[in-house]
Amino acid sequence: MKVTALGILFSVLPQQSASLKCGIKGFTSRCIGDTDIRYNPDISYDLKELDVFWKLFEGLYVGDHCIYLADGTPQSEVYLPGLPKESGFGSWDGCNQKSFLNITFDGSRYYRHEYIVSKHNADGPGGLQLPGFVNPTDFFGTSTFQKNAKIKKLGTIGGYDPGGGIFTVDTANLLTLTPVGTKSYIALTDKRNSSGKDPELYESTRCVDSECNQISLYIEGYALSVDGTRAIDYSVRASSIKVDKDTWMEELSKAFTKYNVPTPNDPFTEIPEFDGNGFTQPFDPTTSDSAPECHTLDCPTEDDWKEQDPYLGTSPYIEPFGDLHTAFVIPVPILILYVIYTFFLEHREKRLKGEMLRSIANSMGLTKSKQLKRKDLKKMYDMIDDDFNGVLEKSEVRSLIDEAGIESMSEKDYDILFAAIDLDGDGTLDFMEFCAFFASISVGESESETRRDSSQDHLYEEASIASA
(Lines give C-alpha, C1' and ligand atoms only; values in the text may rest on other atoms or scores of the structure.)
Protein backbone atom coordinates (compact mmCIF):
# COMPACT_ATOMS: atom_id res chain seq x y z
CA MET A 1 0.00 0.00 0.00
CA LYS A 2 2.87 2.36 0.75
CA VAL A 3 4.24 1.85 -2.75
CA THR A 4 0.80 2.52 -4.26
CA ALA A 5 0.31 5.68 -2.22
CA LEU A 6 3.75 7.02 -3.15
CA GLY A 7 3.14 6.19 -6.79
CA ILE A 8 -0.09 8.13 -6.72
CA LEU A 9 1.61 10.99 -4.89
CA PHE A 10 4.48 11.43 -7.31
CA SER A 11 2.19 11.12 -10.32
CA VAL A 12 0.07 14.06 -9.17
CA LEU A 13 2.73 16.10 -7.35
CA PRO A 14 3.91 18.07 -10.43
CA GLN A 15 0.31 18.98 -11.33
CA GLN A 16 -0.62 19.96 -7.78
CA SER A 17 2.46 22.08 -7.18
CA ALA A 18 1.78 23.96 -10.41
CA SER A 19 -1.87 24.64 -9.53
CA LEU A 20 -2.02 25.27 -5.81
CA LYS A 21 -4.65 27.71 -4.66
CA CYS A 22 -3.56 31.17 -3.68
CA GLY A 23 -3.56 32.20 -0.04
CA ILE A 24 -2.25 28.93 1.47
CA LYS A 25 -0.39 30.21 4.50
CA GLY A 26 3.30 29.53 4.24
CA PHE A 27 3.00 28.09 0.72
CA THR A 28 1.57 30.46 -1.85
CA SER A 29 1.10 34.17 -2.43
CA ARG A 30 -1.92 36.09 -1.18
CA CYS A 31 -5.08 36.04 -3.25
CA ILE A 32 -5.81 39.09 -5.38
CA GLY A 33 -9.39 38.83 -4.11
CA ASP A 34 -8.21 39.72 -0.59
CA THR A 35 -7.88 43.34 -1.70
CA ASP A 36 -9.78 43.42 -5.00
CA ILE A 37 -13.42 42.30 -4.77
CA ARG A 38 -13.61 41.71 -8.51
CA TYR A 39 -11.53 38.55 -7.97
CA ASN A 40 -13.22 37.46 -4.75
CA PRO A 41 -15.63 34.57 -5.40
CA ASP A 42 -17.23 35.11 -1.98
CA ILE A 43 -18.54 38.53 -3.09
CA SER A 44 -21.75 38.09 -5.09
CA TYR A 45 -23.17 40.16 -7.93
CA ASP A 46 -26.36 40.81 -5.95
CA LEU A 47 -27.02 44.54 -6.03
CA LYS A 48 -28.65 44.79 -2.61
CA GLU A 49 -25.61 43.11 -1.08
CA LEU A 50 -23.17 45.37 -2.92
CA ASP A 51 -24.72 48.64 -1.68
CA VAL A 52 -27.28 49.29 1.05
CA PHE A 53 -28.85 52.08 -1.01
CA TRP A 54 -30.38 49.61 -3.45
CA LYS A 55 -31.93 47.72 -0.55
CA LEU A 56 -33.45 50.93 0.83
CA PHE A 57 -34.57 52.10 -2.62
CA GLU A 58 -36.61 48.99 -3.44
CA GLY A 59 -40.38 49.36 -3.15
CA LEU A 60 -43.59 50.92 -4.48
CA TYR A 61 -43.89 54.71 -4.75
CA VAL A 62 -46.70 57.16 -5.47
CA GLY A 63 -45.83 60.74 -6.32
CA ASP A 64 -46.21 63.97 -8.27
CA HIS A 65 -44.37 64.42 -11.57
CA CYS A 66 -43.74 67.61 -13.56
CA ILE A 67 -41.96 68.42 -16.85
CA TYR A 68 -40.36 71.86 -17.24
CA LEU A 69 -39.37 73.77 -20.37
CA ALA A 70 -35.82 75.02 -20.92
CA ASP A 71 -36.62 78.33 -19.21
CA GLY A 72 -37.99 76.57 -16.12
CA THR A 73 -41.65 77.11 -16.97
CA PRO A 74 -43.94 74.13 -16.23
CA GLN A 75 -44.92 72.39 -19.44
CA SER A 76 -48.66 72.57 -19.03
CA GLU A 77 -49.34 71.63 -22.67
CA VAL A 78 -47.93 68.39 -24.03
CA TYR A 79 -48.85 67.18 -27.52
CA LEU A 80 -48.55 63.45 -27.95
CA PRO A 81 -46.60 61.85 -30.82
CA GLY A 82 -48.84 61.68 -33.86
CA LEU A 83 -51.22 64.25 -32.37
CA PRO A 84 -49.58 67.66 -32.98
CA LYS A 85 -51.24 70.92 -32.11
CA GLU A 86 -52.46 71.26 -35.71
CA SER A 87 -54.50 68.06 -35.37
CA GLY A 88 -56.96 69.92 -33.15
CA PHE A 89 -57.23 67.18 -30.53
CA GLY A 90 -55.78 69.36 -27.80
CA SER A 91 -53.04 68.78 -25.22
CA TRP A 92 -52.33 66.97 -21.98
CA ASP A 93 -51.04 68.55 -18.78
CA GLY A 94 -47.33 67.76 -18.46
CA CYS A 95 -46.91 69.13 -14.95
CA ASN A 96 -49.74 67.93 -12.76
CA GLN A 97 -48.97 64.30 -13.49
CA LYS A 98 -49.18 61.35 -11.12
CA SER A 99 -46.31 58.85 -10.93
CA PHE A 100 -46.66 55.20 -9.88
CA LEU A 101 -43.26 53.61 -9.54
CA ASN A 102 -42.25 50.00 -8.84
CA ILE A 103 -38.57 49.39 -8.03
CA THR A 104 -37.51 45.74 -7.79
CA PHE A 105 -34.19 43.92 -7.45
CA ASP A 106 -33.64 40.23 -8.15
CA GLY A 107 -30.04 39.33 -7.41
CA SER A 108 -27.98 40.99 -10.14
CA ARG A 109 -31.04 42.36 -11.96
CA TYR A 110 -32.77 45.73 -11.63
CA TYR A 111 -36.34 46.46 -12.70
CA ARG A 112 -37.91 49.92 -12.79
CA HIS A 113 -41.57 50.03 -13.87
CA GLU A 114 -43.60 53.23 -13.91
CA TYR A 115 -46.95 54.62 -14.96
CA ILE A 116 -47.23 58.39 -15.60
CA VAL A 117 -50.88 59.52 -15.69
CA SER A 118 -51.72 62.86 -17.38
CA LYS A 119 -55.00 64.71 -17.67
CA HIS A 120 -56.33 66.16 -20.91
CA ASN A 121 -56.67 69.97 -20.86
CA ALA A 122 -60.23 69.94 -22.28
CA ASP A 123 -59.05 71.78 -25.39
CA GLY A 124 -60.18 69.18 -27.89
CA PRO A 125 -62.70 69.84 -30.70
CA GLY A 126 -65.30 72.29 -29.39
CA GLY A 127 -63.69 72.25 -25.92
CA LEU A 128 -64.15 68.50 -25.64
CA GLN A 129 -62.19 66.76 -22.88
CA LEU A 130 -60.54 63.61 -24.16
CA PRO A 131 -59.44 60.71 -21.96
CA GLY A 132 -56.42 61.02 -19.75
CA PHE A 133 -53.20 59.45 -20.98
CA VAL A 134 -51.30 56.61 -19.25
CA ASN A 135 -47.66 56.40 -20.32
CA PRO A 136 -45.83 53.26 -19.14
CA THR A 137 -42.05 52.93 -18.97
CA ASP A 138 -39.85 49.93 -18.19
CA PHE A 139 -36.13 50.11 -17.41
CA PHE A 140 -33.95 47.04 -17.01
CA GLY A 141 -30.36 46.83 -15.83
CA THR A 142 -27.80 44.55 -14.22
CA SER A 143 -24.82 44.67 -11.94
CA THR A 144 -21.34 44.35 -13.46
CA PHE A 145 -18.35 42.03 -13.29
CA GLN A 146 -16.57 44.81 -11.40
CA LYS A 147 -18.91 44.27 -8.41
CA ASN A 148 -18.89 48.03 -7.83
CA ALA A 149 -22.65 48.26 -7.13
CA LYS A 150 -23.24 50.14 -10.38
CA ILE A 151 -26.21 49.28 -12.59
CA LYS A 152 -25.62 49.06 -16.32
CA LYS A 153 -28.66 49.59 -18.51
CA LEU A 154 -29.88 46.58 -20.44
CA GLY A 155 -32.68 48.46 -22.17
CA THR A 156 -35.59 50.82 -21.64
CA ILE A 157 -39.02 51.17 -23.27
CA GLY A 158 -41.67 53.87 -23.13
CA GLY A 159 -45.24 53.51 -24.40
CA TYR A 160 -46.95 50.41 -25.76
CA ASP A 161 -45.44 48.01 -28.29
CA PRO A 162 -42.62 50.34 -29.34
CA GLY A 163 -40.68 47.50 -30.91
CA GLY A 164 -43.54 45.42 -32.18
CA GLY A 165 -43.75 43.54 -28.89
CA ILE A 166 -40.09 42.41 -28.94
CA PHE A 167 -37.62 43.77 -26.39
CA THR A 168 -34.25 44.82 -27.80
CA VAL A 169 -31.03 45.12 -25.83
CA ASP A 170 -29.78 48.70 -26.15
CA THR A 171 -26.08 48.65 -27.05
CA ALA A 172 -25.90 52.21 -28.38
CA ASN A 173 -27.22 54.44 -25.58
CA LEU A 174 -25.07 53.42 -22.66
CA LEU A 175 -26.26 54.39 -19.20
CA THR A 176 -24.89 53.55 -15.75
CA LEU A 177 -26.57 54.19 -12.39
CA THR A 178 -23.99 54.88 -9.69
CA PRO A 179 -24.97 54.85 -5.99
CA VAL A 180 -23.58 57.73 -3.96
CA GLY A 181 -23.24 57.82 -0.18
CA THR A 182 -25.95 55.19 0.54
CA LYS A 183 -28.64 57.85 -0.05
CA SER A 184 -28.76 58.53 -3.79
CA TYR A 185 -27.71 57.56 -7.28
CA ILE A 186 -26.69 59.54 -10.34
CA ALA A 187 -26.89 58.59 -14.01
CA LEU A 188 -25.36 60.26 -17.03
CA THR A 189 -25.80 59.04 -20.57
CA ASP A 190 -24.95 60.23 -24.03
CA LYS A 191 -27.95 59.37 -26.18
CA ARG A 192 -26.83 61.19 -29.32
CA ASN A 193 -27.45 59.29 -32.48
CA SER A 194 -25.53 59.68 -35.72
CA SER A 195 -27.31 62.97 -36.44
CA GLY A 196 -26.30 64.38 -33.06
CA LYS A 197 -29.83 65.65 -32.39
CA ASP A 198 -30.88 63.47 -29.47
CA PRO A 199 -30.19 64.95 -26.02
CA GLU A 200 -27.74 63.92 -23.37
CA LEU A 201 -29.44 63.02 -20.09
CA TYR A 202 -28.50 63.57 -16.47
CA GLU A 203 -30.54 62.02 -13.66
CA SER A 204 -30.29 61.94 -9.89
CA THR A 205 -32.55 60.29 -7.35
CA ARG A 206 -32.05 60.64 -3.61
CA CYS A 207 -33.69 59.43 -0.44
CA VAL A 208 -35.15 62.34 1.52
CA ASP A 209 -35.03 60.40 4.81
CA SER A 210 -32.75 57.70 6.20
CA GLU A 211 -35.18 54.84 5.40
CA CYS A 212 -35.92 56.05 1.86
CA ASN A 213 -39.63 56.42 2.60
CA GLN A 214 -39.59 59.51 0.37
CA ILE A 215 -37.54 60.06 -2.77
CA SER A 216 -36.80 63.08 -4.94
CA LEU A 217 -36.06 62.76 -8.66
CA TYR A 218 -34.41 65.31 -10.94
CA ILE A 219 -33.67 64.90 -14.68
CA GLU A 220 -32.08 67.27 -17.17
CA GLY A 221 -32.20 66.73 -20.91
CA TYR A 222 -29.63 68.51 -23.07
CA ALA A 223 -29.70 69.31 -26.78
CA LEU A 224 -27.16 70.69 -29.23
CA SER A 225 -27.69 74.37 -29.97
CA VAL A 226 -27.05 76.04 -33.30
CA ASP A 227 -23.48 76.93 -32.33
CA GLY A 228 -22.73 73.34 -31.36
CA THR A 229 -22.84 73.80 -27.61
CA ARG A 230 -25.15 71.93 -25.27
CA ALA A 231 -27.99 73.60 -23.43
CA ILE A 232 -30.85 72.37 -21.24
CA ASP A 233 -33.79 71.36 -23.41
CA TYR A 234 -36.12 70.27 -20.60
CA SER A 235 -36.08 69.05 -17.01
CA VAL A 236 -38.21 66.81 -14.81
CA ARG A 237 -38.88 66.92 -11.09
CA ALA A 238 -40.77 64.34 -9.05
CA SER A 239 -41.38 63.68 -5.38
CA SER A 240 -42.72 60.30 -4.30
CA ILE A 241 -43.70 58.49 -1.11
CA LYS A 242 -43.10 54.79 -0.49
CA VAL A 243 -46.37 52.90 0.08
CA ASP A 244 -47.57 49.35 0.48
CA LYS A 245 -49.14 47.36 -2.35
CA ASP A 246 -52.77 48.02 -1.37
CA THR A 247 -52.22 51.78 -1.14
CA TRP A 248 -50.38 51.80 -4.48
CA MET A 249 -53.31 50.08 -6.20
CA GLU A 250 -55.87 52.30 -4.47
CA GLU A 251 -54.08 55.52 -5.44
CA LEU A 252 -53.70 54.34 -9.04
CA SER A 253 -57.44 53.69 -9.22
CA LYS A 254 -58.12 57.19 -7.87
CA ALA A 255 -55.82 58.73 -10.49
CA PHE A 256 -57.59 56.87 -13.30
CA THR A 257 -60.90 58.28 -12.10
CA LYS A 258 -59.63 61.83 -11.47
CA TYR A 259 -57.85 62.06 -14.82
CA ASN A 260 -60.71 60.50 -16.78
CA VAL A 261 -59.03 57.27 -17.88
CA PRO A 262 -61.81 54.77 -18.68
CA THR A 263 -61.68 51.00 -18.35
CA PRO A 264 -61.11 48.86 -21.47
CA ASN A 265 -64.73 47.65 -21.13
CA ASP A 266 -66.07 51.21 -21.28
CA PRO A 267 -63.70 53.16 -23.56
CA PHE A 268 -64.08 56.69 -24.92
CA THR A 269 -65.85 56.35 -28.27
CA GLU A 270 -66.84 59.90 -29.28
CA ILE A 271 -63.71 60.19 -31.42
CA PRO A 272 -62.07 57.18 -33.11
CA GLU A 273 -58.60 55.99 -32.03
CA PHE A 274 -58.97 57.13 -28.42
CA ASP A 275 -60.21 53.79 -27.16
CA GLY A 276 -56.96 51.78 -27.09
CA ASN A 277 -53.74 51.46 -25.12
CA GLY A 278 -52.71 54.65 -23.39
CA PHE A 279 -56.25 56.03 -23.35
CA THR A 280 -57.74 53.24 -21.24
CA GLN A 281 -56.68 51.72 -17.93
CA PRO A 282 -53.91 49.13 -18.54
CA PHE A 283 -55.58 46.94 -15.91
CA ASP A 284 -58.27 47.31 -13.28
CA PRO A 285 -56.55 48.02 -9.93
CA THR A 286 -59.82 47.46 -8.07
CA THR A 287 -60.02 43.80 -9.11
CA SER A 288 -56.44 42.82 -10.00
CA ASP A 289 -53.87 41.52 -7.52
CA SER A 290 -50.99 43.27 -9.26
CA ALA A 291 -49.95 45.29 -12.29
CA PRO A 292 -48.61 43.53 -15.40
CA GLU A 293 -45.05 42.26 -14.95
CA CYS A 294 -43.83 44.75 -17.56
CA HIS A 295 -45.93 47.92 -17.81
CA THR A 296 -45.23 48.30 -21.53
CA LEU A 297 -46.19 44.63 -22.05
CA ASP A 298 -42.73 44.15 -23.58
CA CYS A 299 -40.32 42.16 -21.39
CA PRO A 300 -36.75 40.97 -21.96
CA THR A 301 -36.19 37.23 -22.42
CA GLU A 302 -33.51 35.14 -20.72
CA ASP A 303 -31.50 35.39 -23.93
CA ASP A 304 -31.64 39.18 -23.56
CA TRP A 305 -30.45 38.97 -19.97
CA LYS A 306 -27.56 36.72 -21.05
CA GLU A 307 -26.14 39.65 -22.97
CA GLN A 308 -25.22 41.37 -19.72
CA ASP A 309 -26.16 39.54 -16.51
CA PRO A 310 -22.84 38.65 -14.83
CA TYR A 311 -24.34 35.47 -13.39
CA LEU A 312 -24.89 34.25 -16.96
CA GLY A 313 -21.48 35.26 -18.29
CA THR A 314 -17.81 34.59 -17.64
CA SER A 315 -15.98 37.11 -15.52
CA PRO A 316 -12.67 38.46 -16.84
CA TYR A 317 -11.55 38.65 -13.21
CA ILE A 318 -10.50 35.07 -12.44
CA GLU A 319 -8.27 34.45 -9.45
CA PRO A 320 -5.03 32.91 -10.75
CA PHE A 321 -3.29 29.99 -9.06
CA GLY A 322 -0.99 30.99 -6.25
CA ASP A 323 2.74 31.36 -6.79
CA LEU A 324 4.98 29.37 -4.48
CA HIS A 325 7.01 31.65 -2.23
CA THR A 326 10.39 32.04 -3.93
CA ALA A 327 12.36 32.49 -0.71
CA PHE A 328 10.68 29.60 1.08
CA VAL A 329 11.63 25.92 0.90
CA ILE A 330 8.44 23.94 1.39
CA PRO A 331 8.77 21.17 3.98
CA VAL A 332 8.27 17.95 2.00
CA PRO A 333 6.09 16.19 4.63
CA ILE A 334 3.62 19.09 4.72
CA LEU A 335 3.38 19.25 0.92
CA ILE A 336 2.89 15.46 0.77
CA LEU A 337 0.01 15.66 3.26
CA TYR A 338 -1.60 18.53 1.37
CA VAL A 339 -1.41 16.72 -1.97
CA ILE A 340 -2.75 13.47 -0.49
CA TYR A 341 -5.61 15.39 1.11
CA THR A 342 -6.72 17.15 -2.10
CA PHE A 343 -6.25 14.03 -4.23
CA PHE A 344 -8.32 11.72 -2.07
CA LEU A 345 -10.98 14.37 -1.46
CA GLU A 346 -11.70 14.39 -5.19
CA HIS A 347 -11.91 10.58 -5.30
CA ARG A 348 -14.16 10.46 -2.25
CA GLU A 349 -16.60 12.84 -3.93
CA LYS A 350 -16.68 10.51 -6.95
CA ARG A 351 -17.43 7.49 -4.73
CA LEU A 352 -20.23 9.32 -2.92
CA LYS A 353 -21.75 10.45 -6.20
CA GLY A 354 -21.65 6.84 -7.34
CA GLU A 355 -23.48 5.64 -4.23
CA MET A 356 -26.19 8.24 -4.69
CA LEU A 357 -26.58 7.41 -8.37
CA ARG A 358 -26.91 3.70 -7.63
CA SER A 359 -29.54 4.44 -4.97
CA ILE A 360 -31.63 6.33 -7.50
CA ALA A 361 -31.07 3.66 -10.12
CA ASN A 362 -32.03 0.83 -7.75
CA SER A 363 -35.14 2.69 -6.60
CA MET A 364 -36.33 3.39 -10.14
CA GLY A 365 -35.07 0.37 -12.07
CA LEU A 366 -32.44 2.16 -14.16
CA THR A 367 -29.30 0.76 -15.77
CA LYS A 368 -27.22 3.52 -17.29
CA SER A 369 -27.75 7.22 -16.63
CA LYS A 370 -26.57 8.07 -20.14
CA GLN A 371 -29.62 6.24 -21.53
CA LEU A 372 -31.87 8.77 -19.84
CA LYS A 373 -33.67 11.49 -21.74
CA ARG A 374 -34.70 14.86 -20.38
CA LYS A 375 -38.27 13.75 -19.78
CA ASP A 376 -37.02 10.77 -17.75
CA LEU A 377 -34.86 13.01 -15.58
CA LYS A 378 -37.77 15.41 -15.07
CA LYS A 379 -40.01 12.54 -13.97
CA MET A 380 -37.40 11.37 -11.47
CA TYR A 381 -36.84 14.92 -10.26
CA ASP A 382 -40.55 15.44 -9.60
CA MET A 383 -40.80 12.11 -7.75
CA ILE A 384 -38.02 13.12 -5.36
CA ASP A 385 -39.51 16.62 -4.85
CA ASP A 386 -41.85 15.69 -2.00
CA ASP A 387 -43.15 19.19 -1.29
CA PHE A 388 -43.55 20.10 -5.00
CA ASN A 389 -41.75 23.44 -4.61
CA GLY A 390 -39.63 22.99 -7.74
CA VAL A 391 -36.28 22.37 -6.01
CA LEU A 392 -34.78 19.44 -4.12
CA GLU A 393 -33.95 20.19 -0.51
CA LYS A 394 -31.03 18.51 1.18
CA SER A 395 -33.44 16.50 3.35
CA GLU A 396 -35.35 15.16 0.34
CA VAL A 397 -32.21 13.82 -1.30
CA ARG A 398 -31.05 12.37 2.03
CA SER A 399 -34.39 10.55 2.43
CA LEU A 400 -33.93 8.96 -0.99
CA ILE A 401 -30.48 7.69 -0.04
CA ASP A 402 -31.75 6.33 3.29
CA GLU A 403 -34.64 4.57 1.61
CA ALA A 404 -32.19 2.91 -0.79
CA GLY A 405 -30.40 1.38 2.19
CA ILE A 406 -27.00 3.08 1.96
CA GLU A 407 -26.34 2.80 5.68
CA SER A 408 -22.61 3.43 5.36
CA MET A 409 -23.00 7.05 4.26
CA SER A 410 -22.32 9.26 7.27
CA GLU A 411 -23.56 12.82 7.68
CA LYS A 412 -20.03 14.02 6.90
CA ASP A 413 -19.98 12.00 3.67
CA TYR A 414 -23.43 13.27 2.76
CA ASP A 415 -22.35 16.88 3.30
CA ILE A 416 -19.40 16.31 0.97
CA LEU A 417 -21.69 14.69 -1.62
CA PHE A 418 -24.31 17.43 -1.55
CA ALA A 419 -21.71 20.20 -1.74
CA ALA A 420 -20.22 18.55 -4.84
CA ILE A 421 -23.62 18.44 -6.59
CA ASP A 422 -24.97 21.82 -5.38
CA LEU A 423 -23.10 23.87 -7.97
CA ASP A 424 -24.36 27.31 -6.91
CA GLY A 425 -24.11 26.55 -3.19
CA ASP A 426 -27.63 27.71 -2.34
CA GLY A 427 -28.48 24.59 -0.30
CA THR A 428 -30.89 23.12 -2.85
CA LEU A 429 -30.69 21.29 -6.19
CA ASP A 430 -32.47 22.81 -9.15
CA PHE A 431 -33.26 20.76 -12.26
CA MET A 432 -30.13 21.93 -14.11
CA GLU A 433 -27.89 20.78 -11.24
CA PHE A 434 -29.77 17.46 -11.12
CA CYS A 435 -29.18 16.94 -14.86
CA ALA A 436 -25.53 17.96 -14.56
CA PHE A 437 -25.04 15.30 -11.90
CA PHE A 438 -26.45 12.56 -14.15
CA ALA A 439 -24.39 13.78 -17.09
CA SER A 440 -21.17 13.53 -15.06
CA ILE A 441 -21.28 9.85 -14.05
CA SER A 442 -22.98 6.59 -15.09
CA VAL A 443 -24.20 3.73 -12.94
CA GLY A 444 -21.60 1.30 -14.24
CA GLU A 445 -18.81 3.81 -13.69
CA SER A 446 -20.01 4.53 -10.17
CA GLU A 447 -19.77 0.87 -9.15
CA SER A 448 -16.14 0.54 -10.24
CA GLU A 449 -15.28 3.91 -8.68
CA THR A 450 -16.86 2.81 -5.41
CA ARG A 451 -14.83 -0.41 -5.23
CA ARG A 452 -11.59 1.35 -6.15
CA ASP A 453 -11.99 4.41 -3.91
CA SER A 454 -13.36 2.72 -0.79
CA SER A 455 -9.96 1.14 -0.16
CA GLN A 456 -8.42 4.63 -0.12
CA ASP A 457 -10.76 6.26 2.42
CA HIS A 458 -8.50 5.59 5.40
CA LEU A 459 -5.73 7.54 3.64
CA TYR A 460 -8.14 10.42 3.09
CA GLU A 461 -9.04 10.46 6.79
CA GLU A 462 -5.35 10.61 7.75
CA ALA A 463 -4.69 13.38 5.23
CA SER A 464 -7.69 15.43 6.34
CA ILE A 465 -6.58 15.23 9.98
CA ALA A 466 -3.01 16.16 9.12
CA SER A 467 -4.00 19.13 6.97
CA ALA A 468 -6.53 20.55 9.46
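## A buried ring in a predicted model

At 11% relative accessibility, Phe 431 counts as buried, a term that means under 20% relative accessible area with a 1.4 Å probe and protein chains only. This is a predicted model, in which local features need pLDDT of at least 70 and side-chain atom pairs count only at pLDDT 80 or more, while totals for chains, interfaces and linings use all residues. Residues are numbered from 1 along each chain as its sequence is written, and side-chain values use heavy atoms, with hydrogens and water left out.

## The partners of Phe 431

Tyr 381, at 2% relative accessibility, is also buried. Tyr 381 and Phe 431 form an aromatic pair (ring centres within 6.5 Å) whose centres are 5.3 Å apart and whose planes meet at 80°, so the pair is edge-to-face, the class for planes over 60 degrees apart. The pair links distant parts of the chain, since Tyr 381 belongs to helix α7 (residues 374-384) and Phe 431 to helix α10 (residues 431-440), 50 residues apart; helices here are DSSP runs of H or I with at least four residues, and strands are E runs of at least two, numbered from the N terminus.

## Strand β4 and its neighbours

Strand β4 (residues 133-142) is mostly covered, with eight of its ten residues buried. Strand β3 (residues 109-118) runs antiparallel to β4 and is joined to it by ten bridges, where strands pair if DSSP finds at least two bridges between them; Tyr 111 has Phe 140 as its bridge partner in β4. Six bridges connect β4 with strand β5 (residues 151-158), again in the antiparallel sense, and Gly 141 stands opposite Lys 153 in β5.

Notes
Buried means under 20% relative accessible area, exposed over 50%, partly exposed in between (1.4 Å probe, protein chains only). Rings of Phe, Tyr and Trp (its six-membered ring) pair if their centres lie within 6.5 Å; planes under 30 degrees apart count as stacked, over 60 as edge-to-face and the rest as tilted.
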